[in-house]
Amino acid sequence: MNARVAYYSATGNTRKVAAAIASAVGADAVDIASYVPDSAPVDVLFIGAAVYATHDHGVHKTVKDFIAGLDPESVKRAAIFSTGFIQSEATAMLRGLLTGRGIPVAEESFFCLGRFALFNLGHPNAKDLEAAAAFGKEALGNATR
């Protein structure tokens, strides 16, 4: 079972969660801008992003372009994670983009608070990152079922 972790992070919050998931599933966390598809299909592609007010309260164009360029034949399943100021619609947006490309998406997703200006100071914290790692292991395990 192979996994890859791709993320977009303007503030570093989603990058931290991506690193925790990647460590738990034995993969590298790769910024979407640097992601190079493998020649072999990936069993689980973890994709992380957040909603940004500067992008019409949606995911960044880089994320949309990344998903639009994915080959559905090369991704057996996607698993979604997000960070944010408050629980946002990022996971729903990512799910819609991925299913629109014909890529199956795991039911479970992960969200944790992320620091923004003076809000949510200290997040993602150690507890958040432990939960992210557990999510990664669970999503990878569920992919084998």
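User: What covers the buried residues of α1?

Analyst: In this predicted model, the cover over the buried residues of α1 includes strands β1, β2, β3, β4 and β5 together with helix α4. The buried residues of α1 are N13, T14, V17, A18, A20, I21, A22 and V25.

User: What makes the span of α1 close to the expected one?

Analyst: Helix α1 has 13 residues, and from its first C-alpha to its last it reaches 19 Å. The expected span is 1.5 Å times one less than the number of residues, which for α1 is given as 18 Å, and the 19 Å found in the model is close to that. Just after the helix, G26 takes a positive phi of about 75 degrees.

User: Why does S9 count as buried?

Analyst: The word buried is used for a relative accessible area under 20%; S9 has 17% relative accessibility, and therefore it counts as buried. This residue lies in the loop between β1 and α1.

User: Which backbone nitrogen atoms does the side chain of S9 reach, and what makes these polar contacts?

Analyst: The side chain of S9 reaches the backbone nitrogen of N13 at 3.5 Å and the backbone nitrogen of T14 at 3.4 Å. The cut-off for such a pair of N or O atoms is within 3.5 Å, so both distances satisfy it.

User: Why are β2 and β5 said to stand at the edges of the sheet?

Analyst: The open sheet has 5 strands in the order β2-β1-β3-β4-β5, with parallel pairing. Strands β2 (29-31) and β5 (105-113) each have a single partner strand, so one side of each is left without a neighbour in the sheet. On average, neighbouring strands are turned by 20 degrees against each other, direction ignored.

User: How do you know that β1 and β2 pair?

Analyst: At least two bridges are needed for two strands to pair, and 3 bridges join β1 (residues 3-7) to β2, so the requirement is met, with the two strands running parallel. One of the partnerships is that of A6 with V30 in β2.

User: Which helices pack on the sheet, and which strands do they touch?

Analyst: Helix α3 (residues 90-100) packs on the sheet and touches β3, β4 and β5, its direction making about 150 degrees with that of β5. Helix α4 (residues 126-143) also packs on the sheet, where it touches β1, β3, β4 and β5, and its direction makes about 175 degrees with that of β5.

User: Why is the pair of F46 and F135 called edge-to-face?

Analyst: Rings pair if their centres lie within 6.5 Å, and planes over 60 degrees apart count as edge-to-face. For F46 and F135 the centres are 6.0 Å apart and the planes stand at 80 degrees, so the pair is edge-to-face. The pair links distant parts of the chain, with F46 in strand β3 and F135 in helix α4, 89 residues apart. Both residues are buried, and together with F110 they form one aromatic cluster.

User: How do you know that A79 is buried, and what does this residue touch?

Analyst: A79, which has its place in strand β4, has a relative accessible area of 0%, and since the limit for buried is under 20%, the residue is buried. Leaving out residues up to four places away in sequence, A79 touches V44, L45, F46, I47, A106, F135 and A139. Of these, V44 is 35 residues away along the chain, yet the C-alpha atoms of A79 and V44 are separated by 6.8 Å.

Key:
Residues are numbered from 1 along each chain as its sequence is written. This is a predicted model: local features need pLDDT of at least 70, side-chain atom pairs count only at pLDDT 80 or more; totals for chains, interfaces and linings use all residues. Side-chain values use heavy atoms; hydrogens and water are left out. Helices (H or I, at least four residues) and strands (E, at least two) are DSSP runs, numbered from the N terminus. Axes are lines fitted to C-alpha atoms, for helices over the stretch in contact, and angles run from 0 to 180 degrees between N-to-C directions. Contact means heavy atoms within 4.5 Å. Rings of Phe, Tyr and Trp (its six-membered ring) pair if their centres lie within 6.5 Å; planes under 30 degrees apart count as stacked, over 60 as edge-to-face and the rest as tilted. Buried means under 20% relative accessible area, exposed over 50%, partly exposed in between (1.4 Å probe, protein chains only). A polar contact is a pair of N or O atoms within 3.5 Å; within protein, one must be able to donate a hydrogen and the other to accept it, and residues adjacent in sequence count only if both atoms are side-chain atoms.
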